[in-house]
Amino acid sequence: MEQELSLPQPQEVVAQELKQQKVYISKVKELLGQRYLRQPLAYVHTYGCQGNVADGEKLKGFLRDMGYGFASCKEEADLVLYNTCAVRENAEKKLFGKIGELKALKEQKPELLIVLCGCMMQEETVTEKIQKSYRQVDLILGTHVMHLFPQLLHQALCSKGLVVEAANRENVIAEGLPVQRESAFQASVQIMYGCNNFCSYCIVPYVRGREVSRQPQHILQEVTQLVQQGYKEILLLGQNVNSYGKGLEENITFAQLLRQIDAIPGDFWVRFMTSHPKDCTKELIDTIAQCPKVCRQVHLPVQSGNDRILKQMNRQYTRQQYLELIDYAKSTIPDVSFSSDIIVGFPGETYEEFLDTLSLVQQVGYQNLYTFIYSKRNGTKAAQMEDPVPEKEKARWVNQLIQAEYAVSDKLNLAYEGKTIRVLAENESSEQDGCLMGHNSQGVLVKFPAPKELLGQFVNITVTQGRRAVLYGEPAAPKTV
């Protein structure tokens, strides 16, 4: 009887591919040593969401290991890498403009390598246009093959033509990739990749693929190492962190993962995004309330406050269900703050339906809102819907929503006056010498006078002024025993 052949499992394939990348890292380093009498420089620019930023840090990690230093501008660089975002329509126009600008630079520096990666490179129409009209590009790689970057870069260095690897393949978990982090005290940790939701306006599931979760032990190991290295804030990332754990052999929810991270020894905060309302549970809200290291900020994108529009968006919850989650969180976590994403002017939305969103904003009392005019993305269901409302009218609605947000944040921030809050000092203020700024657990921006030596540390601040977008304060006097 003929024996049935056993096909390698996806993770076995990835393990083999990662082993090969170490070989290609050495090969690229050797090539660069032959080509340059100095250390070559790479300019990396990332567009879009925090997930893209995390990918950009991995790409920079690869570049570092292959021998590149980093340039502050593209004119100084020997390699220019644009890590693209596909969420909004005008992102394409901006990218093509940026690539066009590189044509003259490449004429001056023929050995300049131009690399394009990220979500937009998973759109076939985009890659076709680049191949046809932008011959200065050397390498295109999609989101599913980022772990093959050294191999593909080696191919581009040895080739006179464009190298393209943007095929849609199953999402893979590539553990142990090098990372060049942008901050010494704030770190992003991807806990899952892809999206299964197919909101009618969103291109992400088509360019990022289906959901796949990392093994919890790998996440816990990464967070533990970061805390031991002195990181003070860990941002857990996923297109929908609330569905973390689905498909894993181990029966684990996102709430359970949060509890395990909260139990890691050390003085640090945990934030997470993005949290889809349809999968947000009371278990998760209870976990936030009971875990002191989990920040008291819930980013819960509502997108619209009208049930018909929510249905057209395929959001799979109603206004009432969303408000029930908000009410439960307010009653369970007394110091909770909320932030959200809202799309204004979805195809077919009327002004009366928009007013339902306006009233929801006033009812919830968001600390922060990220408001966007609907952006058509070809390939999505919403792109085929009639969209009769002029952009000028949609802009008027957005302005009305922003004014409502201002009224809410004015009230919320005024209530902080006189209170002492814990803040992570993140940056020096560009407006005033001798001042630092950072956020508290609720995600509110705080500015205060302090020496730059406090950057990356938690500081107790007494709020003296609560303004619309920022709190002002002074370091609290130490308690006397």
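**Exercise 1. Two cysteines**

Is Cys295 buried or exposed? Decide this, and then work out how many disulfides the structure has.

*Solution.* Keep in mind throughout that this is a predicted model.

Step 1. Start with Cys295: its relative accessibility is 2%, so Cys295 counts as buried.

Step 2. Look at Cys291 in the same way. Its relative accessible area is 3%, which means that Cys291 is buried too.

Step 3. Recall the idea behind the count: a disulfide is a covalent bond between the sulfur atoms of two cysteines. To be counted here, the two sulfurs must lie within 2.5 Å.

Step 4. Compare that with the model. The closest cysteine sulfur to that of Cys291 belongs to Cys295, and because it is 12 Å away, it is too far for a bond. Cys295 is likewise in no disulfide, its nearest cysteine sulfur being that of Cys291.

Step 5. The count therefore comes to 0 disulfides.

**Exercise 2. Following helix α9 to its neighbours**

Find out how α9 is arranged against α8 and against α11, and which residues make the contacts.

*Solution.* Let's take one pair at a time.

Step 1. Helix α8 covers residues 254-262, and its axis comes within 9 Å of the axis of α9, crossing at roughly 15°. That makes α8 roughly parallel to α9. The crossing is left-handed.

Step 2. Now the residues. From α8 come Phe254, Ala255, Gln256, Leu258 and Arg259, and they meet Glu283, Leu284, Asp286, Thr287 and Gln290 of α9. Sorted by class, this contact has 4 nonpolar, 3 polar and 3 charged residues.

Step 3. Turn to the second pair. Helix α9 (residues 282-290) packs against helix α11 (residues 319-332) at an angle of about 25°, and the axes are 10 Å apart. These two helices are therefore roughly parallel as well. Here the crossing is right-handed.

Step 4. On the α9 side you find Lys282, Ile285, Asp286 and Ala289, which meet Leu325, Tyr328, Ala329 and Thr332 of α11. This contact divides into 5 nonpolar, 1 polar and 2 charged residues.

Step 5. Put the lists side by side. Asp286 appears in the contact with α8 and again in the contact with α11.

**Exercise 3. A second helix pair**

Which residues of α12 meet α13, and at what angle do the helices pack?

*Solution.*

Step 1. Helix α12 spans residues 351-364 and helix α13 spans residues 391-414; they pack at about 15°, with axes 9 Å apart.

Step 2. An angle under 35 degrees counts as roughly parallel, so α12 and α13 are roughly parallel to each other. Their crossing is right-handed.

Step 3. The α12 residues are Tyr351, Phe354, Leu355, Thr357, Leu358, Val361 and Gln362. Their partners in α13 are Arg396, Trp397, Gln400, Leu401, Ala404 and Val408. By class, the contact has 9 nonpolar, 3 polar and 1 charged.

**Exercise 4. A charged residue in a loop**

Where is Asp78 placed, and is Asp78 buried or exposed?

*Solution.*

Step 1. Asp78 sits in the loop between β2 (69-70) and β3 (79-84).

Step 2. Its relative accessible area is 4%, and the cut-off for buried is under 20%. Asp78 is therefore buried.

Step 3. See what surrounds this residue. Leaving out residues up to four places away in sequence, Asp78 touches Tyr36, Arg38, Pro40, Leu41, Lys109, Glu111, Leu112 and Leu113.

**Exercise 5. Unusual backbone spots**

Which residues does a cis peptide bond join, and what is the phi of Gln303 and of Gln316?

*Solution.*

Step 1. Start from the general rule: most residues other than glycine have a negative phi, and most peptide bonds are trans.

Step 2. The cis bond joins Met273 and Thr274, with omega about 5°. Thr274 lies in the loop between β11 (269-273) and α9.

Step 3. Gln303 has a phi near 70°, a positive value. This residue is in the loop between β12 (297-299) and α10 (307-312), and Gln303 is buried, at 8% relative accessible area.

Step 4. Gln316 also has a phi near 70°. Its place is the loop between α10 and α11, and with a relative accessible area of 49%, Gln316 is partly exposed.

Note on methods:
Residues numbered from 1 in each chain as written. Predicted model: local features only at pLDDT ≥ 70, side-chain atom pairs only at ≥ 80, totals over all residues. Heavy atoms only, no water. Buried < 20%, exposed > 50% of the residue type's maximum accessible area, 1.4 Å probe, protein only. Axes fitted to C-alpha atoms, helices over the stretch in contact; angles between N-to-C directions. Helix = DSSP H or I, 4+ residues; strand = E, 2+ residues; numbered from the N terminus. Parallel < 35°, antiparallel > 145°, perpendicular 65-115°, else oblique. Left-handed = near helix turned anticlockwise from the far one by under 90°. Contact = heavy atoms within 4.5 Å. Nonpolar A, V, L, I, M, F, W, Y, C, P; charged D, E, K, R; others polar.
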